[in-house]
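Me: I would like a close look at one part of this structure, namely its salt bridges. Please set them in the context of the whole chain and connect them with the other local features that can be described.

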Amino acid sequence: MKQFLVLLALLLLLTTSGCTVERLNDTNSLQEVTSIEKAPVRMAFHSAQNKDDYTEIAFMLEHIDDSDIDSEDYQIQWPKYILDNEDIAYKVEDVEISENTLYGEPLNSHQLGIILRLSPSILKDRNNLMLQVPVYVIPRLFEEGYPFNVRESHVERIVTGDLVIEDIKVEDRVVEFYLIDKHPDHQERDLSFLFSRIQDNESIYPLFSTIEPNSAHSYVKLEFAQQISLPVRFSVERTTIELPEWRFPFSIPINLE
């Protein structure tokens, strides 16, 4: 009986230890994610610095097509607390957005610098530290529509944010393409769109529009009053749904000297 109890205790100890190791391995196997791209924007971790009683982490937000960016173009929602891979919480005390410089480094017109102040400060002697930073981004620049620049009479695919247009064909006064909407709610609600051509900062609407939706995409054919000259800029606006909320789940390695 005593031998049985000893064996049972050893079995329970080994089982418990195995679960602990597995849980630690899961925690330590976080994949590094320092840059996330959602056309036309890219957000990337820049650097981390320790101050007297807090730590700063900096990000660069930029347009990958080098178009101008404004601090009002994107609404960024930060968590109140940021956790590391050991479940230690750091409070987001302040967020600073700059259009001019990031730690003294000049920014171009397509770049923004973002600095988060976290408390308490991160200890310098902590090794293999990963910060988990979930960021939510609302693309306010698309409130008036998603722009698509078409430079040739036939284009295979153009991606802007969560809208995709494929197999674009422009001939005379007509443009036709397939529209794919990746909005999180696109399968739960009936979507309605408004199409236009942008010329001299004015919206020109088609005389006739044909939209044939199915589960995968919508076939769109637009006929304008005048011939379409290339390059041309089209705009697609949702009229029945709010702007999407993009989730950027960062996992950032922190090495402070």
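**Salt bridges in the context of the chain**

Reply: Of the 257 residues in the protein chain, 37% count as buried. The model is a predicted one. Its secondary structure comes to 1 helix and 20 strands. Among contacts in the protein chain with a separation of 6 or more, 65% are between residues 24 or more positions apart. The chain exposes about 15,600 Å², and carbon and sulfur atoms supply 46% of that area.

Against this background, the salt bridges can be taken in turn. Side chains of opposite charge can pair when their charged atoms come close. With a cut-off of 4 Å between a side-chain nitrogen of Lys or Arg and a carboxyl oxygen of Asp or Glu, the count comes to 7 salt bridges.

One of them joins arginine 173 to glutamate 223, with the closest N and O atoms 2.9 Å apart. Arginine 173 lies in the loop between strand S13 (163-171) and strand S14 (174-181), whereas glutamate 223 belongs to strand S18 (residues 218-223), so the pair ties together parts that are 50 residues apart in sequence. Both partners fall in the intermediate class of exposure: arginine 173 is partly exposed, with a relative accessible area of 28%, and glutamate 223 is partly exposed as well, at 23%.

A further salt bridge is formed by glutamate 166 and arginine 157, whose closest N and O atoms are 2.4 Å apart. Glutamate 166 has a relative accessible area of 25% and is therefore partly exposed, since that class lies between 20% and 50%. For arginine 157 the value is 44%, which also makes this residue partly exposed.

Arginine 42 pairs with glutamate 37, and here the closest N and O atoms are 3.3 Å apart. This contact does not stand alone, because Glu37, Arg42 and Glu62 are linked in a network of salt bridges. Arginine 42 is partly exposed, with a relative accessible area of 26%; glutamate 37 is partly exposed too, with 48%.

Two buried residues offer a contrast with these partners. Aspartate 84 is found in strand S5 (residues 81-84) and has a relative accessible area of 0%, which means that this residue is buried. The side chain of aspartate 84 reaches the backbone nitrogen of glutamate 86 at 2.8 Å. Phenylalanine 59, in strand S3 (residues 55-63), is likewise buried, with a relative accessible area of 0%. From C-alpha to C-alpha, phenylalanine 59 and histidine 46 are 4.8 Å apart in space, while 13 residues separate them in sequence.

The remaining feature is the largest pocket, which has a volume of about 590 Å³. Its lining consists of 28 residues, and those closest to the centre are Phe142, Tyr146, Pro147, Phe148 and Arg233. At least two lining residues each come from strand S11 (146-150), strand S12 (154-160), strand S15 (193-199) and strand S19 (232-238).

In summary, the three pairs described here are arginine 173 with glutamate 223, glutamate 166 with arginine 157, and arginine 42 with glutamate 37. The last of these pairs belongs to the network that also includes Glu62.

Technical notes: Residues numbered from 1 in each chain as written. Predicted model: local features only at pLDDT ≥ 70, side-chain atom pairs only at ≥ 80, totals over all residues. Heavy atoms only, no water. Helix = DSSP H or I, 4+ residues; strand = E, 2+ residues; numbered from the N terminus. Buried < 20%, exposed > 50% of the residue type's maximum accessible area, 1.4 Å probe, protein only. Polar contact = N/O pair within 3.5 Å; in protein donor to acceptor, adjacent residues only side chain to side chain. Contact = heavy atoms within 4.5 Å. Areas by Shrake-Rupley, 256 points an atom, 1.4 Å probe, with all protein chains shown as cover. 1 Å grid on protein atoms, 1.4 Å probe; cavity = no way out; pocket = protein on both sides within 12 Å on 5 of 7 lines; lining within 4 Å. Points joined across faces, edges and corners; volume = space filled by probe spheres on them.
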